[in-house]
Amino acid sequence: MERKNVWLKYDEAEKKAVYDFGEEYRIFLSECKTERECVTRMRAQAEEKGYEDLEKILAEGRTLRPGDKVYACCMGKMIAMFHMGTEPMEKGMAILGAHIDSPRLDIKQIPLYEDTEMALLDTHYYGGVKKYQWVALPLALHGVVVKKNGQKVEINLGEAPTDPVVGISDLLPHLAHDQMAKNAEKVIDGENLNILVGSIPLAGEEKEPVKKYILKLLEEKYGIEEADFISAELEAVPAGPARDYGLDSSMILGYGHDDRVCAYTSFRAMLDMEAPKRTCVCLLVDKEEIGSVGATGMHSKFFENMVAEVMNCAGQYSELGVRRALQHSKMLSSDVSAAYDPNYPEVMEKNNAAYMSNGLCFNKYTGSRGKSGSNDANPEYMAEIRQVLDEAGVAWQTSELGKVDQGGGGTIAYIMANYGMEVIDCGVAVQNMHAPWEVAGKADVYEAYRGYGAFLKGI
Ligand code: MN
Ligand code: MN
């Protein structure tokens, strides 16, 4: 059971492949900071690789045959890709699943107000954040504003080097006597996560002149008015690109590794798949960070419905057929793991921790305390996966999320397991999970991509 650092097994050509893949991922991570942006980018890239919109297939009444590639999007925030295999779908699919939503600060519906000649935007945090990490750093605003006439205005402000950024203030240490005595959960109040957006008063206005100046800018730049915030989905995220991390550039510091690192690697493995026997699927979902709820979350019937549609297009539909297709499927439910952190050894159990640069990480179970909320994968399935990965020479490891009594976490695995399919959690181990800037190792990113490819081919 000796652990091996993956870097030691690479020759020069492989090292180059790791860095090249890392760079492609770093760019993706820098440019896709919301679930919508991920879907838009992936959909375009999938089309370049021959995937077609299922809606189009349906409209044209075309039949799907082995080798055909289709995708379906749900409300622009969830995507399911299918690569038709030669086997009937009721024999089961090989599914790669991950989520593309990340913790952030959402802008409230009535967000804009003025206080002491400063204009601010009120937020409501999304997902499990340590609130004190989101102050005193540059933030960007991403999302859409939908006007009453249905026009959708895309916002992406704070990413270009010439763009202004916004942010949330923190207290100076000189006056933080009371604040410093609070526990970490209370240091920053959720209701104080207010984003400063302006400080110039509009000349000639007596009431809320600074707010009015901001509204004037919004009108000029985007053609939106204050009431349009009511029908908007705006997310404040850390501003700026992901960066190479470490003097050896072996890691990437970026916003949203959880879980775009697994989504991107799954997606890339899916694009590379050729002539599958079993129908291959890549399923990237929204809302995992808040419990997989809603129409675009894993609990939604969207995926099941799309399986039915695809089977119908392939002339394989029956109610029982859909149930069998789901039940006989095998899935890698991918989400980030906690990388062993030498700064915090006390929360990890060394034999069952994930280590950076030790490869794709498998979690037979997740959950908290007595495995509560976990999908506990079957040893028969784990054995099959060991065989597939070892045969392909993929570097992999196993872990638990920290010490038994320390806490835990959940993923989408248990939801897909409801169909009676084989599911196991796996993914890339990261540091600083859920912080504005998370860290992942390039070798692990690459081994995840290779592992997903081996799974699609070999399972
Ligand atoms: Mn996650
Ligand atoms: Mn998470």
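Student: What makes D258 a residue shared by the manganese ion (ligand 1) and the manganese ion (ligand 2)?

Tutor: In this predicted model, D258 coordinates both manganese ions, and the two ions are 3.2 Å apart.

Student: How do you know that H99, D258 and D335 are protein donors of the manganese ion (ligand 1)?

Tutor: An N, O or S atom counts as a donor when it lies within 2.8 Å of a metal such as this one. The NE2 atom of H99, an OD atom of D258 and two OD atoms of D335 lie 2.1 to 2.5 Å from the manganese ion (ligand 1). These distances fall within the cut-off, so the atoms qualify as donors. Along the chain, the donor residues follow the spacing H-x158-D-x76-D. H99 belongs to strand β4 (residues 93-99) and D258 to helix α7 (residues 257-272), so this pair ties together parts that are 159 residues apart in sequence.

Student: Why are H99 and D258 called buried?

Tutor: Buried means a relative accessible area under 20%. H99 has 1% and D258 has 2%, so both residues meet the definition.

Student: Which residues supply the protein donors of the manganese ion (ligand 2)?

Tutor: The donors are an OD atom of D258, two OE atoms of E289 and the NE2 atom of H434, at 2.1 to 2.5 Å from the ion. Their residues are spaced D-x30-E-x144-H in sequence. E289 is in the loop between β13 (279-285) and α8 (302-313), while H434 is in the loop between β21 (429-431) and β22 (438-441); the pair therefore ties together parts that are 145 residues apart in sequence.

Student: Are E289 and H434 buried or exposed?

Tutor: The relative accessible area of E289 is 14%, and that of H434 is 18%. Both values are under 20%, so both residues count as buried.

Student: What is noted about the phi angle of H434?

Tutor: H434 has a positive phi, about 75°, although it is not a glycine. T116 likewise has a positive phi without being a glycine, at about 45°.

Student: Why is T116 called exposed?

Tutor: Exposed means over 50% relative accessible area. T116 reaches 61%, so it counts as exposed. This residue is in the loop between β5 (104-115) and β6 (118-126).

Student: Which kind of peptide bond joins D258 and D259?

Tutor: The bond is cis, with omega of about 10°. D259 lies in helix α7.

Student: How do you know that residues in α8 meet residues in α9?

Tutor: Contact requires heavy atoms within 4.5 Å. F303, E304, V307, A308 and M311 of α8 meet G321, V322, A325 and L326 of α9. By class, this contact has seven nonpolar, one polar and one charged residues. Glu counts as charged and Gly as polar, so E304 is the charged residue and G321 the polar one.

Student: At what angle do α8 and helix α9 (residues 319-327) pack?

Tutor: The angle is about 120°, and the axes of the two helices are 10 Å apart. The crossing of α8 past α9 is right-handed.

Technical notes
Residues numbered from 1 in each chain as written. Chains lettered and ligands numbered in written order. Predicted model: local features only at pLDDT ≥ 70, side-chain atom pairs only at ≥ 80, totals over all residues. Heavy atoms only, no water. Helix = DSSP H or I, 4+ residues; strand = E, 2+ residues; numbered from the N terminus. Buried < 20%, exposed > 50% of the residue type's maximum accessible area, 1.4 Å probe, protein only. Axes fitted to C-alpha atoms, helices over the stretch in contact; angles between N-to-C directions. Left-handed = near helix turned anticlockwise from the far one by under 90°.
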